[in-house]
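Student: Got a minute to go through this one with me? I'd like to start with the ligand.

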Amino acid sequence: MVSPKEIKETSVIGAGVMGTGLAITMALKGIRVFLNDLTEDLLKVSRKHTSDLLTDLEERGTIVNAAKIQENIVFEKDLKRAVENSDIIFEAITEDPSAKRDLFAKLADMAKEDSIHASNTSVIKISEIASGLNSKDRIIGVHWMNPPYVAPLVEVTTSEWTDKEVLKTTRDFLEKVAGKKVVLSPDIPGFIVNRFHAAVTSEAIRLIDEGVSIEDVDDVWKYHLGILYGLFGPLKNADYIGLDTTYLAGMYLTQRLGREMGYVPEWLVKKIGNNELGVKTRKGFYDYGDESPSSLYAKRVQAIKEELKCKQDQK
Ligand SMILES: NC(=O)c1ccc[n+]([C@@H]2O[C@H](COP(=O)([O-])OP(=O)(O)OC[C@H]3O[C@@H](n4cnc5c(N)ncnc54)[C@H](O)[C@@H]3O)[C@@H](O)[C@H]2O)c1
């Protein structure tokens, strides 16, 4: 298998929102990319969007030489020609398990034997896509965020059949060539990002049904939860709140709302029983060593203030 830094030719299948963004991502890194879709008309729309976007970014001074960057993208309707020489193929077609399986079956016959076949699925288990295909050891989940040329995170998932070399090369390519932060998700429906996305969005919609205005739902995230979760993540944030308090609040909500709002497995009950309550006892989800709670809280205040100042400066 080619080393990540030697990857010079790639493919993206599906020239919609994500596929076009992925082709631009490769092109911005100077990597040649074949972009494929079902019709010439769809490719034409993608080409126009690419050209308009790159020109706009050039005018804003974000990139230089838009025309040269776009030369890295080959818009190719013929699937075989689009994939036959590529080292890594990113699938970004419609979120339909059987359409994705059909495509990966074709790739098994058309692509180079040692090429990597990556699915950008947002929620479908990789084992569900790969099962029964004779290329299943080369199939891996690479879930880019939108827009992929700006968003720093990529979620990677292997199935039980994915070759270890495929994971290593893919991960190195994403980190060292594309410059992304990689998180590894187990092969579970929705992976990590969309489990959060689904839970948060459905709670937001429920709150509208319970009388909260649309604007207030968004303001709670813009002025509070988005700031804290963005800085610390939900688990370190729970450490600051206190795991005992978090547990009691969850139990109350579960009882009153009649649905699970505070998931507390046995190991978490044990943690709380062991006085691992978070920052206030120096151990919770994280271990804070000898640092005093007051020093940890002061650092948190500092981080929040800097974040707020940063947001203010951006206005
Ligand atoms: N839109 C997002 O923000 C986002 C973010 C992350 C991941 N994703 C995932 O990326 C994938 C694509 O989503 P999208 O939003 O770009 O969809 P989209 O509808 O904008 O684009 C899909 C494209 O795939 C093409 N297509 C369908 N079947 C094809 C085939 N067999 N061969 C070639 N092209 C084919 C369609 O013609 C269409 O142009 C999905 O799996 C989605 O879950 C989307």
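**Ligand first, then the pocket**

Tutor: Glu95 puts a polar side-chain atom 2.6 Å from an oxygen atom of the ligand (a polar contact is a pair of N or O atoms within 3.5 Å). Keep in mind that this is a predicted model, where local features need pLDDT of at least 70, side-chain atom pairs count only at pLDDT 80 or more, and totals for chains, interfaces and linings use all residues. Residues are numbered from 1 along each chain as its sequence is written, and side-chain values use heavy atoms, with hydrogens and water left out.

Student: How far from a ligand oxygen atom are the polar side-chain atoms of Lys100 and Asn120?

Tutor: For Lys100 the distance is 2.8 Å, and for Asn120 an N or O atom in the side chain is 3.0 Å away.

Student: And how much of the ligand's accessible area does the protein cover?

Tutor: The protein covers 75% of the 820 Å² that the ligand has on its own (Shrake-Rupley method, 1.4 Å probe).

Student: Which residues come nearest to the ligand?

Tutor: Met18, Asp37, Glu95, Lys100 and Ser122, out of 20 around the ligand (a heavy atom within 4 Å).

Student: Switching topic: which helix gives the most to the lining of the largest pocket?

Tutor: H9 does, with 11 residues. A pocket is an open set of points on a 1 Å grid over the protein atoms alone, where a 1.4 Å probe fits, with protein on both sides within 12 Å along at least five of seven lines; lining residues have an atom within 4 Å of a point.

Student: Which lining residues are closest to the centre of that pocket?

Tutor: Phe196, Tyr229, Pro234, Met261 and Tyr263, of the 41 that line the largest pocket.

How values were computed:
Helices (H or I, at least four residues) and strands (E, at least two) are DSSP runs, numbered from the N terminus. A polar contact is a pair of N or O atoms within 3.5 Å; within protein, one must be able to donate a hydrogen and the other to accept it, and residues adjacent in sequence count only if both atoms are side-chain atoms.
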